[in-house]
Amino acid sequence: MTDAIPQENGANAGVRPGHYYGYGIPYLPIDGYPGKIIAIEGTDGVGRSTQIRLLREWLEVQGYGVIETGWTRSTLMQPTIELAKSSNTLNKLTFALLYATDFADRLEKEVIPALKAGFIVLADRYIFTALARAQVRGIDRTWTRNLYGFAIAPHLVFYLKIDERTLIRRVLESRGMNFWESGMDLKLADDIHDSFRAYQRSLLREYNSMADEFGFRVLDAKRKVEAIQEELRRQIGEFLAESDSRPI
Amino acid sequence: MFVTEWNSSALVKAATKAGKKKNALTPMTFSLLHATDFADRLLYNIIPPLKAGMIVLADRYAYTAFARDATRGVDPRWVRELYSFAVRPDLAVYFRVPIEVSVDRLMARRVKLKFYEAGMDMGWSASPIESFRIFQGRVLEEYDRLVEEFGLDVIDAKTSITEQQRAFRKVVTRHLAGAPEEQVEPEPVEATEAR
């Protein structure tokens with residue numbers, strides 16, 4: 001295991017930010033890479049992408065190199081994941097493994113090179129989404145954690161927290177409820193609304209239980225976009241000032 | 001009786017194919033894609049016949065991943081834990097062949113060596129044959145370790161097909177004789193949760 005030390009600023013699960021959570025990728029040593037990972041977590045419909053876009057502009061204006069990486073966006077896996085979701089052949093294990101493959105592809109090809117070059121990596125969701133989804137589907141916790149032992153502990157994790165009622169209203173007002181976001185594969189309810197509510201409630205419970213363990217910085221997602229952005233900038237600004245990060 | 005082959009699930013075929021074509025797979029994504037393929041086949045092709053009391057013949061099993069992924073530099077402990085959802089086979093047979101025999105047979109078949117099969121992704125040699133020799137040589141060393149660790153039954157694959165088959169049947173017969181007839185496996189579905 002990676003050398004574990006007591007929690008420090010932004011540390012999680014006893015692992016220092018910028019280090020592998022578990023066994024890591026032996027052929028890719030990352031010690032001393034100057035870049036930073038800032039992850040924004042939260043369920044569907046909490047406004048993550050808006051916040052990331054605004055953060056990116058703000059950081060770039062200051063001269064930082066920034067890359068974004070987002071869930072299921074790897075070129076290798078995106079078509080397969082889309083295909084698998086549109087068919088009925090996914091089970092909870094293959095679901096979890098496809099996500100992990102997507103994550104590994106992006107980690108090796110986008111995140112690690114960016115860290116090496118001293119960039120700030122803005123992650124639209126990180127492993128916590130995968131951990132929550134796997135947990136809700138009843139996959140063994142130890143197995144999932146080991147699976148993501150190749151992931152790198154982020155320097156900052158912001159969790160945009162929302163309550164179930166607000167979330168339902170927001171999703172309905174924007175794009176409606178879809179099969180997977182509603183956890184219909186879990187057969188919690190026949191009705192999509194009831195299934196969505198039950199599924200998202202379980203997810204929210206998982207995120208909450210991870211908040212302490214992984215040192216999430218919790219933000220109220222019900223606040224106005226500008227207010228959340230301001231808070232993000234304040235905390236990130238402080239972190240960057242304290243760390244060795246300099247604009248490139 | 002049911003036969004299942006390594007890397008044959010429809011689910012990950014597209015990604016594996018695309019990745020292999022562009023030589024875009026890293027040791028980690030190579031490993032994870034094969035695990036996904038295995039999980040898919042385990043749940044659809046392996047567990048149902050086991051539950052029905054059938055014999056499943058698996059052409060390669062998790063040991064292939066243990067040997068190859070470790071050779072590619074993936075952490076061996078991680079791969080073992082990754083496959084902990086797999087059902088432990090009742091009998092695992094390893095057909096052992098020295099690397100030179102393996103190379104000779106490939107040359108005789110005059111087939112073009114595949115990029116990943118020859119371990120070209122490791123960049124150890126620009127020559128496919130030489131790369132195969134180095135890569136598969138190391139894979140074979142890993143297998144020797146696995147024989148110890150998992151108690152695999154070894155069959156000498158230098159000999160003729162007939163002789164190998166004879167030896168193979170002997171091992172299988174001995175194993176089946178020791179097992180009660182009409183044996184139905186205990187339910188292994190929630191292998192990950194049972195740990």
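Two residues count as in contact here if their C-beta atoms, placed from the backbone, lie within 7 Å. Keep that in mind as you click around, and remember that this is a predicted model. For the complex, the predictor gives an ipTM of 0.87 and a pTM of 0.88.

**Stop 1: where the chains meet**

Colour chain A and chain B differently and look at where they touch. Chain A puts 31 residues into this contact, and chain B puts in 29. Now stay on the chain A side and select helix 2 (78-86), helix 3 (92-116) and helix 5 (141-147): each of these supplies at least two of the residues that touch chain B. Which helix of chain A gives the most to this side? Highlight helix 3 of chain A, which gives nine residues. If you colour the chain A side by residue type, you'll find 18 nonpolar residues, ten polar ones and three charged ones.

**Stop 2: the sheet in chain A**

Next, hide chain B and switch to a cartoon view. Chain A has an open sheet of five strands, with parallel pairing and the order 2-3-1-4-5. Select strand 2 (66-70) and strand 5 (217-220) of chain A: these are the edge strands, and each pairs on one side only. Look along the sheet too, since neighbouring strands are turned against each other by 20 degrees on average, ignoring direction.

Zoom in on strand 2 of chain A and strand 3 (residues 120-124) of chain A. The two pair in the parallel sense over five bridges. Pick E68(A) and look across: which residue stands opposite in strand 3 of chain A? You should land on L122(A).

**Stop 3: two crossing helices in chain B**

Bring chain B back and select helix 5 (residues 99-109) and helix 6 (residues 128-150) of chain B. Their axes come within 10 Å and cross at roughly 140 degrees. Angles over 145 degrees would count as roughly antiparallel and 65 to 115 as roughly perpendicular, so helix 5 and helix 6 of chain B are oblique to each other. The crossing of these two chain B helices is right-handed.

Show side chains for the contact. Helix 5 of chain B brings I99(B), S102(B) and V103(B), while helix 6 of chain B brings I129(B), F132(B), R133(B), Q136(B), G137(B) and L140(B). Together these contact residues are five nonpolar, three polar and one charged.

**Stop 4: a stretch to treat with care**

Finally, colour chain B by pLDDT. Its mean is 88, and 92% of its residues reach 70 or more. Select residues 188-195 of chain B, though, and the pLDDT is below 50. This stretch has 17 contacts in the model beyond near neighbours in sequence. Where pLDDT is low, the predicted coordinates shouldn't be read in detail.

Conventions. Residues numbered from 1 in each chain as written. Chains lettered and ligands numbered in written order. Predicted model: local features only at pLDDT ≥ 70, side-chain atom pairs only at ≥ 80, totals over all residues. Axes fitted to C-alpha atoms, helices over the stretch in contact; angles between N-to-C directions. Helix = DSSP H or I, 4+ residues; strand = E, 2+ residues; numbered from the N terminus. Parallel < 35°, antiparallel > 145°, perpendicular 65-115°, else oblique. Left-handed = near helix turned anticlockwise from the far one by under 90°. Nonpolar A, V, L, I, M, F, W, Y, C, P; charged D, E, K, R; others polar. Pairing = 2+ DSSP bridges. pLDDT = per-residue confidence, 0-100.
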